[in-house]
Amino acid sequence: MEDLATLAELHGTDKRDHGYIPFYDSLFSPKRHESVTLLEIGVGGFSDPEDPSAGGESLRLWRDFFPGGTIVGLDVLDKRAVAEERVHVVQGSQVDPRCLERLACQYGPFDIVIDDGSHVPAHVRFTFDALLPHLKPDGIYVIEDTQTSYWPEWGGAFRLNARRTSMAMVKQRLDHLNHAEFKRPGFVPSDADRRIVEIRARHNIVAFVCGSNDRPSRLNRSHPVPTRSWLREELAPVAVQRLRHPVVLSALDKAGARGGARWVRRRLFGWVS
Ligand SMILES: C[S@@+](CC[C@H](N)C(=O)[O-])C[C@H]1O[C@@H](n2cnc3c(N)ncnc32)[C@H](O)[C@@H]1O
């Protein structure tokens, strides 16, 4: 049986050029002999959009790597000509909730989902939220080409602390691996918090591994949150952030509270007006 690198060479997928093959190999090898259902968003062949049978290299790669697998491709373009035995192709968009629901009803739950579609960060986040509930309990969700997270022309952002990018979601998910340790009063873990047990990442690719992230924190029980530290760590920084907003400052000015606005500026920015 051929290994993944050989199959990638054989089928000419660009996953090889991007350096993803060793990552996929370690991630998927334990499942190789299972009858997995794998959904890949993005069938490819965009260099020749007139040819409906162009693309499908990665679908063929997965077909051969998982000999007992069912492979499903989703693409916004009509790529149904790529379908063959054990390879199904659906036309639709990764940001169309009805399309994703239909797909999940027909082929889910999935063992593996790979998002190699539009790579627009808002799409990546939307699709992740929509499809994670359709992963099997030990499923794996992969996002490729996360470089767009840093590219404004793709809907990403230069700033590393930008909040709506795909990598912002990954970083938030990293924190939430530790949700049992959160001491914020009233915090309730989401389904995603309780399902994702591991996050693996390399240059431009990230994988979320599902399981059961329900281990309680021993510390949470023995050390209830002291109200003072909650005020200091949680509430005060948010209040300060809000006060810093120019709208708040000009509202204070307008309300005639010039003294108050001056005080805020002086305390927070060191301005003297
Ligand atoms: C990078 S290619 C996929 C390559 C393929 N997975 C491979 O490894 O051989 C990206 C594909 O995503 C498709 N695509 C773009 N926007 C999409 C969307 N909103 N929903 C689904 N597919 C989309 C494009 O038509 C294109 O075929």
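The following exchange examines the terms applied to a predicted model and the values behind them.

Author: The model is predicted, so local features require pLDDT of at least 70 and side-chain atom pairs count only at pLDDT 80 or more, while totals for chains, interfaces and linings use all residues. Residues are numbered from 1 along each chain as its sequence is written.

Reader: What makes a residue part of the shell around the ligand?

Author: A residue is near a molecule if its C-beta atom, placed from the backbone, lies within 6 Å of it. In this model 23 residues surround the ligand, and the closest are G42, G44, S58, Q94 and S118. Two or more residues each come from helix 2 (14–17), strand 1 (37–41), helix 4 (57–65) and strand 2 (70–75). Helices (H or I, at least four residues) and strands (E, at least two) are DSSP runs, numbered from the N terminus.

Reader: How are the residues of the shell divided into nonpolar, polar and charged?

Author: Ala, Val, Leu, Ile, Met, Phe, Trp, Tyr, Cys and Pro count as nonpolar, Asp, Glu, Lys and Arg as charged, and the others, Gly among them, as polar. On that basis the shell holds seven nonpolar, ten polar and six charged residues.

Reader: Why is H119 called buried?

Author: A residue is buried if 20 or more other C-beta atoms lie within 10 Å of its own, exposed if 12 or fewer, and partly exposed in between, with C-beta atoms placed from the backbone. H119 has 22 other C-beta atoms within 10 Å, and therefore counts as buried. This residue lies in the loop between strand 4 (110–115) and helix 6 (121–131).

Reader: Why is N204 partly exposed?

Author: N204 has 17 C-beta neighbours inside 10 Å, so it counts as partly exposed. Its place is the loop between strand 6 (196–202) and strand 7 (205–210).

Reader: What is notable about the backbone of H119 and N204?

Author: Most residues other than glycine have a negative phi, and most peptide bonds are trans. H119, which is not a glycine, has a positive phi of about 65 degrees. For N204, also a residue other than glycine, phi is positive, near 70 degrees. The peptide bond from G108 to P109 is cis, with omega near -5 degrees. P109 belongs to the loop between helix 5 (97–107) and strand 4.

Reader: Why is strand 1 described as largely enclosed?

Author: Five of the five residues of strand 1 are buried, so the rest of the structure largely encloses it. In a regular strand the side chains alternate between the two faces of the sheet. Here T37, L39 and I41 point one way, L38 and E40 the other way, and all are buried. Strand 2 is mostly covered, with five of its six residues buried.

Reader: How do you know that strand 1 and strand 2 pair?

Author: Two strands pair if DSSP finds at least two bridges between them. Strand 1 and strand 2 have five bridges, in the parallel sense. T37 stands opposite T70, and the bridge partner of L38 is I71. Strand 1 also pairs with strand 4, in the parallel sense over four bridges, where E40 has I114 as its bridge partner. Strand 2 and strand 3 (87–91) are parallel over five bridges, with D75 opposite Q91.

Reader: What makes the unit of strand 1, helix 4 and strand 2 right-handed?

Author: A crossover is right-handed if, with the strands pointing away from the viewer, the path from the first strand over the helix to the second runs clockwise. Strand 1, helix 4 and strand 2 make a β-α-β unit of that hand. In helix 4, S58, L59, L61, W62, R63 and F65 are buried. The buried residues of helix 4 pack against elements including helix 1 (4–11), strand 1 and strand 2.

Reader: Which residues is R125 in contact with, leaving aside its neighbours within four places in sequence?

Author: Two residues are in contact if their C-beta atoms, placed from the backbone, lie within 7 Å. R125, in helix 6, is in contact with S166 and M169. With 18 other C-beta atoms within 10 Å, R125 is partly exposed.
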